[in-house]
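Hi,

Here is the structure I promised to pass on to you. Have a look at it first, and then read on for what came out of it.

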Amino acid sequence: MKIKSIVLQTCLECGQAVRVSLAEKGDSLCPTCNHIIRKGNTWSLHRSAFLALAILILLPFALGFPLLSIDLLGVKINATVWDGIWKMATAGYHYTAFMVLVCAVIMPVVFVLLILTIQIQQITRQRPRYTLIFLTKIQEWVMLDVYLIALAVAAFKIRDYANLQFDSNLIAFVLVAILNTLLFIKIEPKQAWEQFYPEYHSLPFDHNSKPTLCPTCEYCFDETILDLKGQQRCPRCESNLSIADNIKIQRIWASLIAGTIMMIPANIFPISITEMAGKVSADSLMSGVILFVEMGSYLVAAIVFVASIAVPVSKITIILYLLLAIHYKWQHPIHLQMKLLHYVHFIGRWSMLDLFVLSLMMSLLERGQILSFSVGEAAFYFGAAVFLTMFASANLDARMLWKIHFDHHAKTHN
């Protein structure tokens, strides 16, 4: 291994300087926290663009064509992703419909368009600074995999009202969800930054002073660049690096408190209202779970309970604990805290399952007369709580927890 292939990189999770081999084919892990500093076995931008193009071709079939249908009194009714959003919006639930639209339509389309745009910018020799920044922030909002599970849950609900059958276009949706997940795994924005901005060299492995890390493009450097306001900027992506930890914590507290307040009406008001033959049934989050249990659909009841109640409550509780741990500098096991933080980052988006199910139900059963379905007041509050807690977890910097750990470790060994 050549010495020049070893560079110094700061870990994005624990903030420690680590020697990384550029020649390593597998993942390069931080020896302190096991965070992946440099992904291995990634795809080139050219190959990723081909997959993004395939997804873009399939998306109209996945989003605009029927995924499943029911036979209601001899009338065939189809359900599409777009139709459910449209009916939800025209029924007066504009903000709830917009949340579904963002996660199920806008973000999946924008994600593949960003990759194709970067490929075009490479061909035309343009610098994709803002395109790459947006690409690093958009992935958690692409929720086609969550929508796929929502299809299964909606199918269990619908089968008690009418005969249900899946359309062949569902294959296109499943393919898009799988290919999107594959693209998440194989694409590496950090390597794209290095490819488009080769003049920003990595620091040598024997660099003496502590380098600065940009959390946006993960550029590790040892220089100070200030803008006209005196704020430090990343020389590569120009992100503001002068945001103090207390400002970040204030943002997290604001999002968490607002999300917690939203969860109160989300659990009190009905989230869905079904009317059949003049009989009206209003279900809250918990009563919907109980209904599945009474029907004998224990697996679906468990999925809905976890996504609708357990995940949002546990996410708020964990973020609250981590914030208090930072504020009071609690000396708890750092690896346990990291597991909790990773859980929050991974699981939060799955709470959108409920809104996706509501959208599909609106598409199939919003017919009035004999059978109708409408969204309840709780839907907006629940969706707002999901979004706000996702904002809170996105701003929670693991390095603040690791700093407390290292400070305590230094005191005990002095």
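Before the findings, one definition: a salt bridge here is a side-chain nitrogen of Lys or Arg within 4 Å of a carboxyl oxygen of Asp or Glu. With that rule, a search of the whole structure turns up nine salt bridges. Please keep in mind that this is a predicted model.

One of these salt bridges joins the side chains of Lys87 and Asp83, at 3.3 Å from N to O. Both residues belong to helix α2, where they sit four residues apart, about one turn of the helix.

Another pairs Asp145 with Arg349, and their closest N and O atoms are 3.0 Å apart. To place that pair, it helps to have the domains in mind. The domain assignment splits the chain into domain 1 (6-41 + 198-232), domain 2 (46-197) and domain 3 (244-413). Asp145 thus falls within the bounds of domain 2 and Arg349 within those of domain 3. The count of salt bridges between domain 2 and domain 3 is one.

How do domain 2 and domain 3 meet otherwise? Their centres, taken over C-alpha atoms, are separated by 22 Å. In contact across the interface are 41 residues of domain 2 and 36 residues of domain 3. About 3,700 Å² is buried between domain 2 and domain 3, and carbon and sulfur atoms give 78% of that area. There are also seven residue pairs in polar contact across this interface, both residues of each pair being at pLDDT 80 or more.

On the domain 2 side, the elements that give two or more residues to the contact with domain 3 are β5 (68-72), β6 (75-79), α2 (81-90), α3 (94-123) and α5 (144-158). Of these, α5 gives the most, with eleven residues. By type, the domain 2 residues on this side are 29 nonpolar, five polar and seven charged.

Finally, a word on the annotation. The unreviewed UniProt entry places the feature "transmembrane region" at several spans, among them 141-158, 340-358 and 378-396. Residues 340-358 are 74% helix and 0% strand, with the end C-alpha atoms 29 Å apart. For residues 378-396 the figures are 89% helix and 0% strand, and the end C-alpha atoms lie 27 Å apart.

If you would like somewhere to start, try the Asp145 and Arg349 salt bridge.

Best wishes

Definitions and conventions: Residues numbered from 1 in each chain as written. Predicted model: local features only at pLDDT ≥ 70, side-chain atom pairs only at ≥ 80, totals over all residues. Heavy atoms only, no water. UniProt positions renumbered as here; feature names shortened; annotations may be inferred. Domains from an automatic or database assignment. Contact = heavy atoms within 4.5 Å. Buried area = accessible area lost by both parts, 1.4 Å probe. Polar contact = N/O pair within 3.5 Å; in protein donor to acceptor, adjacent residues only side chain to side chain. Nonpolar A, V, L, I, M, F, W, Y, C, P; charged D, E, K, R; others polar.
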